[in-house]
Amino acid sequence: MNSYKHNENQYWAESHGIHWPKLTSWLLTVVWCLLAESGSHAEVDFNKDIRSILSRNCMTCHGPDEGTREADLRLDRRDDAIADLGGYQAIVPGQREQSEFWKRIVTSDPDDKMPPPESGRTLTHTEIELLGQWIDSGAGYAEHWAFVKPTRPSLPSVIEPDWPETEIDFFVLNHLESQKATPSPPADRYTLIRRVSLDLTGLPPSPEAIHEYVHDSGEDAYLRMVNRHLASPTYGERWARLWLDLARYADSAGYGSDPLRVIWKYRDWTINAFNRNLPYDQLTTHQLAGDLLENPSTDQLLATAFHRNTKTNTEGGTDDEEFRVEAVKDRTDTTVQVWMGLTMGCAKCHSHKYDPISHEDYYRVFAFFNQSEDTDLPSEEPRLPTPTPAQAEEQHKLEDKISDLEDLMKQDTQDLAESMKLWEQSLEGKTIHPKPDYSSWHSIGPFSITEDQNGFDESYLPETEHPVNLEARFLDNRLNWIKQGGWKNGKSSTLSQVNSVYYAHREIECRYSRRITLAFTADQGFKVWLNGNALLERSVKEPRKDSDAIRITVALEEGKNDILVKLINRETKGRFQFDTMEKVLPGDIWDIWKTAEEERSEEQLQEFKQHHRSFADELADTRSKLSQQEKQLKALKGKIVSTPILRELEGDERRKTHILVKGNFLNQSKEVSAGTMEGFFPMPEDSPPNRLGLARWITSRDNPLTARVAVNRLWAQLFGIGLVETEENFGTQGSPPSHPELLDWLALEFMDNGWDMKGLLKTILLSATYRQDSRIRTEEQKQDPDNRMLSRGPRFRMEAEMVRDQALALSGMLSYNMLGPSVYPPQPPDMWRAAFNGQRNWATSKGENRFRRGLYVFLRRTVPYPSMATFDAPSRETCSIRRIRTNTPLQALVTLNDPAYVELAQALALRIINSRPTGLENKIGFGLELCLGRPAEKQSIGILKELYQQQLSHYQSNPEESESLTQHLTGPHPQGLKVPEWATWTVLANVLMNLDGVMMKY
């Protein structure tokens, strides 16, 4: 017997409780043969039984990623797995004992064992036997279920045909019956209206709405109740919250300084889009490519802010191109994960190890997003102004006035003609030069210096290069030259980093050799080089005034001249200013002036007149009025909300896209064109190679993932877990669907009905599956603890925003105002400590803004609103596909002790006190019914009555505590109610809002 057979027999013996020394070799062989024979007819499904084993244990080294592939062996494709590898095969279909793959997984030799012991992965005996049976049955492969287009399944048969209400129920009941399980009875009406209201609006139903539904005797009472909630404007607020997680929406730009960002118009667009039930394919197209549609509307342009929620790094010394590329990567990752449920980000550095996404595929998709105008600048251009109707009217009036004044400026008069002639005569005999052409300033820095260094004596590479190479990089490629479009002649420019050296460079182009006077001003110290020659050096300790400018006359060569300035910034933010001191005319005007009057063309004459009118005394009053109106228009535009949007580069401005080696933006390799992942279906030939083409590819019926991912996301919101649990990953590493045929039926139904989101939600809500009672029955506790079989209704803790919104609604303090800027409800003091940024004050909102829904709470990425973060709300620094629900003591501390919740408890107490019922028990019953949405039980009233009496006794004995609890009232003190009673009702209201039946959706 060879060593392989010995190891194989030993594996089978030990896996069945048989120890090798107790049996002879021949007996083990018999046992092995019998066991192998007994399992040879077992059916093994590749997707169900085998793929996850291979993916988890083998694909890292034997999968799609050629960079980490070992032994030139791929196990993700059958042709590669069974190929001749030089006299042997990894897998020999039908013959496990001849397969090197099998030998490696059963051997005890650590040098040959697979998975390798050092990998930390091991196969169970069951997994090993499944792999053996799979090989014996022919080693069949199947494409991953999520990569195959869904087909509409037939409705399965069921034993109890009276239970289903919609097609959904046939799939659920068939699965339950196959597992010898039964569905739960329907929930009562009180439960159903609360469940529907929370799911569709994010708010509890009002007592009036509950009464209307509970006492509606019509056969279609439930349908009409669902329709009312779908039509509510609060529907858009509830479902926009889900989408804002995907869009990584926040009110700040992120990174260390995390400056504030005005982008709430996108949040409002999202709310409105859900309320008007914008079809999902259009929702997709408008957000990915609204700017590329023909004659896009303001709404379609606003939608593209979806991808302007990426972070912007405004810190000094950062590389704008590096962080622009990071934003493009984020857009690539987010797009594929949101719409296709795939972890695309893995492929930015290497080919995906598990899914058919190559390294090149990543940058083909990256190329779609690499053509937007934004460049990681603090201005966040391009931006879309969205004036209010009043602002639009005022803007129109100002523009009309400006137009009229500009017409006056263009009118010919005899006085202007004589004035221009006198002015031109005054130039005769004077040395007038044409104004040189100045390039933009470029700067590089900071180069840090210590307190012992003066900065002047240390020489850095930028000052040793002539001509200056603006493509050069320094300090291990961390610093590069940055264009400074805001640096203008005669205006101060600011350097922010102290104890640092900066360099500034520009070109001055002259028509001919000439002398010119340059003026320099700097707060601290500087050196100047002209065409590589040292020109000027000043070391100053005291800040200089603009009037103290250092002037120097230099000779400029014909053509381009290089100016390089070294700026030493020591103790505070430094200023730098550059100007020219000479009499010049703009180049074109100088040319006209040098041309004999009779030889000037009509176009030149008009240009000369225009220049003269810019300073003519005769038009001084008109220019003053024009300047005033322009200032007013500028001030008005400064008040108009503008939102960052996507805009495509055109023509020569379009960028080339290269594969980035290991994701490093400095290490470019092969150039690629925009395209989709080659492992999926191709883009139609007539699709434009831009974001619009990508959006159409994503929403194509040929895309196997988009509809599945969308319906699964909606299902997860209703049931607490998706049919595919891993909402973020539909790839081979994700969870398989609990009800695959139901998922495909929903996906096809969604597309066939025009991507109607409200329609899909309505279909689910009308099902008997959704309407089941959520209480766990004893018999199903062990069989279906996580409700994956859908044997009962949904029951789970509400999300962060819903916890807050329900407290607001129950207290009666909720503001139903919609849309508009974010608000600042109470939060613990001194929370904002963003480094390098002065925006640190949380100005607590007054009035009803204090009580608006959680959707509108200001979200700063580095310091998110703490009470909602405690309930698992993300910081939105990146796309959040699925919130993982936790249960921690901090959550109870928030709802019991947070000043915002105590304030709402006071308001709820006031609502109970002012209610119609009289008597302690009746008022407690009212409070219970209000908070739970159902009639109060006597036992619960008795418990709360006992609590009331205990707390009242305590506060009567400790008046200082009752004063402390009630000193910040949300309304007027109830007349005739003593402070200890008021404090007691506040405690009781706080308890009511923390009941399990209030915090849970069931």
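This tour moves from a charged surface patch to a buried strand and its partners. The model is predicted.

**Stop 1: the lysine patch**

Select Lys483, Lys488, Lys491 and Lys634. These four residues form a patch of positive charge on the surface. Now keep Lys483 alone. Lys483 belongs to strand β7, which covers residues 482-484. Is Lys483 buried or exposed? Its relative accessibility is 54%, and exposed means over 50%, so Lys483 counts as exposed.

**Stop 2: strand β9**

Select residues 500-510, which make up strand β9. Here nine of the 11 residues are buried, so β9 is largely enclosed by the rest of the structure. The cut-off for buried is under 20% relative accessible area. Keep β9 highlighted for the remaining stops.

**Stop 3: β3 against β9**

Add residues 437-438, strand β3. β3 and β9 pair antiparallel, with two bridges between them. Pick Asp437: its opposite number in β9 is Glu509.

**Stop 4: β4 against β9**

Next, add residues 441-448, strand β4. How many bridges join β4 to β9? There are five, and the two strands run antiparallel. Click on Ser448 and look across to β9, where its bridge partner is Ser500.

**Stop 5: β14 against β9**

Finally, add residues 559-569, strand β14. β14 pairs with β9 over 11 bridges, again in the antiparallel sense. Which residue of β14 stands opposite Ala504? Select Val565 to see that partner.

**Last view**

Show β9 together with β3, β4 and β14. Each of these pairings with β9 is antiparallel.

Conventions: Residues are numbered from 1 along each chain as its sequence is written. This is a predicted model: local features need pLDDT of at least 70, side-chain atom pairs count only at pLDDT 80 or more; totals for chains, interfaces and linings use all residues. Side-chain values use heavy atoms; hydrogens and water are left out. Patches are made of residues with over 30% relative accessible area and no salt bridge: like charges are joined within 9 Å, nonpolar side chains (Val, Leu, Ile, Met, Phe, Trp, Tyr) within 5 Å. Accessible areas come from the Shrake-Rupley method with a 1.4 Å probe; for residues, only the protein chains shown count as cover. A salt bridge is a side-chain nitrogen of Lys or Arg within 4 Å of a carboxyl oxygen of Asp or Glu. Lys and Arg count as positive and Asp and Glu as negative; His and the chain ends are not counted. The place of a charge is taken as NZ of Lys, CZ of Arg, CG of Asp or CD of Glu. Helices (H or I, at least four residues) and strands (E, at least two) are DSSP runs, numbered from the N terminus. Buried means under 20% relative accessible area, exposed over 50%, partly exposed in between (1.4 Å probe, protein chains only). Two strands pair if DSSP finds at least two bridges between them.
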